[in-house]
Structure formats: C-alpha cells, structure tokens
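Take a look at the chain below. This report starts with a single residue and then moves on to rings, charges and the whole fold.

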Amino acid sequence: VFLGNGPSGICLSYLLSGYIPYFKRDSLHPHPILQRKLEEAPDVSILDQDLEYLSEGLEGRSHSPVALLFDTLQRPDTDFGGTAESVLAWWHETDRAIPHLVLGRNAPGGAWHSIEGSMVTLSRGEWMGLPDLPFKDWLKQKRRCLRNNRATAEDIAQYYQHYVMKKGLQKNFRCGTVVTSVRKVSAESISNHAQKDLQENSDSLWNFSDKSTEVFQVDGFFKTLKGDKEPFSIYAENVVLATGTYDSPTWLGVKGENLSYVHHQLSALEEAVKNNVIGIMSDPVLIVGAGLTAADAILFAHHCNIPVIHVFRRRVSDPGLIFNQLPKMMYPEYHKVHQMMKEQSAACSGPYECYISLPEHHVLSFGKDKKCIFQDKNGYQKAYKISMALVLTGSNPNLSFLPNNGIDLAMDSDQPVSPKRNPIDIDPFTYECTQEKGLYALGPLAGDNFVRFVQGGALAVASSLLKKANKNPP
C-alpha cells in the first residue's frame, strides 16, 4: 500500500506493475566508469543489480546515490545542458508485477492539483517527466512548447494523470481516500477477520507468508461521489509513505496569527484579488518569507499593482537564500524579485513602486486593527497598517496517521519530521525506514525534494520489494 499519489507514488506503481528497466544495448553513457559497470551485466535489469555498486562515485544535485543513478540513466548529461537520450530500455514483464494500491486524496499527481495552474515550475520541464514518457513529447502532442524550458503546474498535473492512464496503472489507484491510521498488528489476529478492502479481487494482496508475522493495518475513509465517507481497513506487509510536504503550512507562532486577515497559502491572495477584496488602493499586503512561494506572491501582487511589504529574516546577500543559487538567465522573474529585495528597502527608496523590502526583520504580532509590528536585528520596532498578511515560510508534512506523528522515524527522534532539516531516517539503497521494517519513505519525507530525484527512491523501493517477494530472476 502506498500513501500518496504524487510523482513518487506514480513512479513506484509503474515499476511494481512489471515495467523493468534494462541498459539499452549499444547506448553510450557519458560517464565512462558507469558505462563500464553497465556493460558488465547487460542482461540483468537495473532493479536486480547492486544499486550501491552502480551509484558509487556519482555526483550531482542530490544527496541520494540512487536518485543520482536513476536520474543520470534517464537524462545522462542534462546538468550540462545536453539532450542525450535515456540509456534505459523498458520491458513489461507481467510475471514480476507486485499487487499494490496507491491511495490519494486527489487525482493522480498529488499536490500538483492544488497549485495555481498558471504557476511556472522552478525545475526545467523535462525534469518533471516520469520514466519512458518524456514530458516534452507529451507537450508536443498538445502542440505546446516549453516557455524558457519550464512548464506550468496545470500542464504537469495533466501530464501525471495522462501518464497513469497511458501506462495502464489506473487499476492500482484509489483517489478520494483519506488515511487516518497506520499501525502494526499481528497477522494471526486478522487472518479470520473479514476485510472490507478497496479492491474487488485482491486475494493475492493478503496471502501472508507467515501468520506469526506482524503486518500493517491501514485505516481511513473513502469519499463517495455523494459526499459520504465510507470507512475501510487494509492489511499489508509493506507500506510506502509518499505523502509529500504540502499539507501543513508553517506558522510563525506569534500573537494574532489566527486572525482572519492572516493567511498561510498563496491562493488566499489570488482569491482576494479575484473577489475585489483588495486592489490598487488597498493598504499594503504583507508577505513574510524569502522562498519561491513568497516570490510568486510578490510577482502576482506586482502584476496586479497591489502594494507589498516584504519581511524576511535573512540578509539579501545570504548564500543560503534560494535566489543566490539560481542562474539569472533561466529564472529572470525570480532574479527580478531578488533585485527588488536588494534595491527597495524601507531605508532607501528604489525604482520599484508599491514594494518595500525589510530584510533581517521578523514579525512580533498581528493586531486586530490590522496593524502589524516588526522588529529588526538591532531590536528596533516598526508598525505598519496592512490589508492582509501572507505567511509563506514553508510547509510541513502531516503524519498524524502515524503513532507519535512519525517523530520516532526521523533522523532526530526528538523533533518533528521536516523534509529539509529532519527527514525520515532511511536505508539509502532500499528507502526502508531504519526504525520500522516494512515501512518505506519516498520523496520529500526522505529528503528528496525535486521530481527528478524522487524517482531514484522509487527504484530503490521497487528493488527491495522484488527481493522480498522473491520475484527476482535466477
């Protein structure tokens, strides 16, 4: 059972549906050592090879060796601007399929359906693609091309849905499901228990090899078309956590943050503009944060001529600031926001109207009269009257369905799970949780935050599950 039907869950479903990657004969990988290793066993699928051996010595933009391996097999020289074809050939070996269910709240594509459709992705469009169906080929069929090599969120959400249909994976997907609990129970205690499962003829899912083993009980409810909630319980020997990180926006934890004019999602600003709640003559909108979502909010407000006060804790020149890591040519709009942040501080007025930048400031409180108080690094305080506030400082995964919110599974088991600071502790070559055998974590929960790199985790999980199921060739 996988929890989450975003790109991680879709990719893993593809691999577990019997689609097996092999090194394509006569193809040449630009990495000579990897090429030599791939030539050693051309008839053995990548899933059945030693992933640690293959990925040794690879370098790139991910900390995960398997993520780098799968990425370079699919897009051999993409980081150098090259367009070399994948060195993988995909074979459909139905006898190696493993029965599974993919549970998700929305349509396949996960959080991509919750993002404003016209938003342009940070990653290049071709990096958003899944195995054996290049994103740019799909876009060509729609007679569209990539703007600046990047795609819109709406395109990506549609592509993921198309991928599931095109690859015949829809029978494994159950959309409109909400999982409320995942816990271990003994197989014996449930062997006589009548299951209310989500699959019509899924006997093969429940053939437990040994009644003395423990299995996972996954409880939740299924939202019907009428809006009713139908409860379900599923039992599985393995559970994959692929729920991403889009669930719970981070709060500042300051006084007045729960007032009605304080929001934690960009969509609130779009809604307010659409309904004419704010406009050119309004008091400024406060935007808190210095990441890409905050930048998207600034660009949106700037486009609508809405005044903005922008507050963030870091220095503008801080190397940890995402804008200092993006190539200017590829991301002109984010470069513009960074320029505004530099040139338009409250201390000196710059060329951009309707925007004030307050670097190295933090919010102390939100007042009922819509007055917001900030403090700078020297302890000086300022008050501004605002129309609405958007706190866009990141989001956290919601793991409330796990015992103790999943904290026991994290690298630091005293702190909540956080994709960037405290991911789930996993084996890097199987993605199995070190604290709970049979439980796997993928994507942001395991520290992989980009679509191009979550797929390596799916490769690792599929390889591990095939070994467990003894579906490896002799």
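Leaving aside its neighbours within four places in sequence, which residues is Ser 13 in contact with? They are Phe 2, His 100, Val 102, Leu 169, Asn 172 and Phe 173. Keep in mind that this is a predicted model.

## One residue: Ser 13

Ser 13 sits in helix α1, which covers residues 7-16. Is Ser 13 buried or exposed? Its relative accessibility is 0%, so Ser 13 counts as buried. Its side chain also has a polar partner. A polar contact of 3.5 Å joins Ser 13 to the side chain of Asn 172. Asn 172 is also in the contact list given above for Ser 13.

## Rings

A pair of aromatic rings is described by two values: the distance of the centres and the angle of the planes. How many aromatic pairs does a search of the whole structure find? It finds eight. One of them is formed by Tyr 159 and Tyr 163. Their centres are 6.2 Å apart, with 55° between the planes, and the pair is tilted. An angle from 30 to 60 degrees is what makes a pair tilted, because planes under 30 degrees apart count as stacked and those over 60 as edge-to-face.

Why are Tyr 159 and Tyr 163 separated by about one helical turn? Because they are four residues apart in helix α6, which spans residues 153-166. Tyr 159 is buried, with a relative accessible area of 0%. Tyr 163 is buried too, with a relative accessible area of 0%.

The rings of Phe 374 and Tyr 384 have their centres 5.6 Å apart. Their planes meet at 40°, so this pair is tilted. The pair links distant parts of the chain. Phe 374 is in strand β18 (residues 371-376), Tyr 384 is in strand β19 (residues 381-385), and the two are 10 residues apart. Phe 374 counts as buried, at 0% relative accessibility.

Ring pairs also build a cluster. Its members are Tyr 14, Tyr 19, Phe 70, Trp 90, Tyr 159, Tyr 160 and Tyr 163. Tyr 159 and Tyr 163, the helix α6 residues, belong to this cluster.

Some rings have a lysine over the face. Lys 37 lies over the face of Tyr 53, at 4.8 Å from the ring centre. Lys 229 lies over the face of Phe 221, at 4.7 Å from the ring centre.

## Salt bridges

How many salt bridges does the count come to? The count is 10. The table gives three of these pairs, with the N to O distance.

| Lys or Arg | Asp or Glu | N to O distance |
|---|---|---|
| Arg 96 | Asp 48 | 2.9 Å |
| Lys 377 | Glu 360 | 3.7 Å |
| Lys 468 | Glu 432 | 3.1 Å |

Start with the salt bridge between Arg 96 and Asp 48. Arg 96 lies in the loop between β3 (88-92) and β4 (102-104), and Asp 48 lies in the loop between α2 (32-40) and α3 (51-55). The pair therefore ties together parts that are 48 residues apart in sequence. Arg 96 is buried, with a relative accessible area of 5%. Asp 48 is buried as well, with a value of 18%. Buried means under 20%, so the 18% of Asp 48 still qualifies.

Next come Glu 360 and Lys 377, whose side chains meet in a salt bridge. Glu 360 is in the loop between β16 (355-358) and β17 (361-366), while Lys 377 is in the loop between β18 and β19. They are 17 residues apart. Glu 360 counts as partly exposed, at 25% relative accessibility. Lys 377 counts as exposed, at 59%.

In the third pair, Lys 468 lies in helix α11 (residues 451-468). Glu 432 lies in the loop between β21 (395-396) and β22 (439-441). The pair thus ties together parts that are 36 residues apart in sequence. Lys 468 is partly exposed, at 42% relative accessibility. Glu 432 is buried, at 11%.

Salt bridges can also share partners. Those that do so here join Asp 71, Arg 75 and Arg 452 into one network.

## The whole protein

Now step back. The protein has 11 helices and 22 strands. Of its 474 residues, 53% count as buried. Among contacts between residues at least 6 apart in sequence, 68% join residues at least 24 apart. The accessible surface comes to about 22700 Å², and 50% of that belongs to carbon and sulfur atoms.

Technical notes. Residues are numbered from 1 along each chain as its sequence is written. This is a predicted model: local features need pLDDT of at least 70, side-chain atom pairs count only at pLDDT 80 or more; totals for chains, interfaces and linings use all residues. Side-chain values use heavy atoms; hydrogens and water are left out. Rings of Phe, Tyr and Trp (its six-membered ring) pair if their centres lie within 6.5 Å; planes under 30 degrees apart count as stacked, over 60 as edge-to-face and the rest as tilted. Buried means under 20% relative accessible area, exposed over 50%, partly exposed in between (1.4 Å probe, protein chains only). A charge sits over a ring if NZ of Lys or CZ of Arg is within 6 Å of the ring centre and within 35 degrees of the ring normal. A salt bridge is a side-chain nitrogen of Lys or Arg within 4 Å of a carboxyl oxygen of Asp or Glu. Contact means heavy atoms within 4.5 Å. Accessible areas come from the Shrake-Rupley method with a 1.4 Å probe; for residues, only the protein chains shown count as cover. A polar contact is a pair of N or O atoms within 3.5 Å; within protein, one must be able to donate a hydrogen and the other to accept it, and residues adjacent in sequence count only if both atoms are side-chain atoms.
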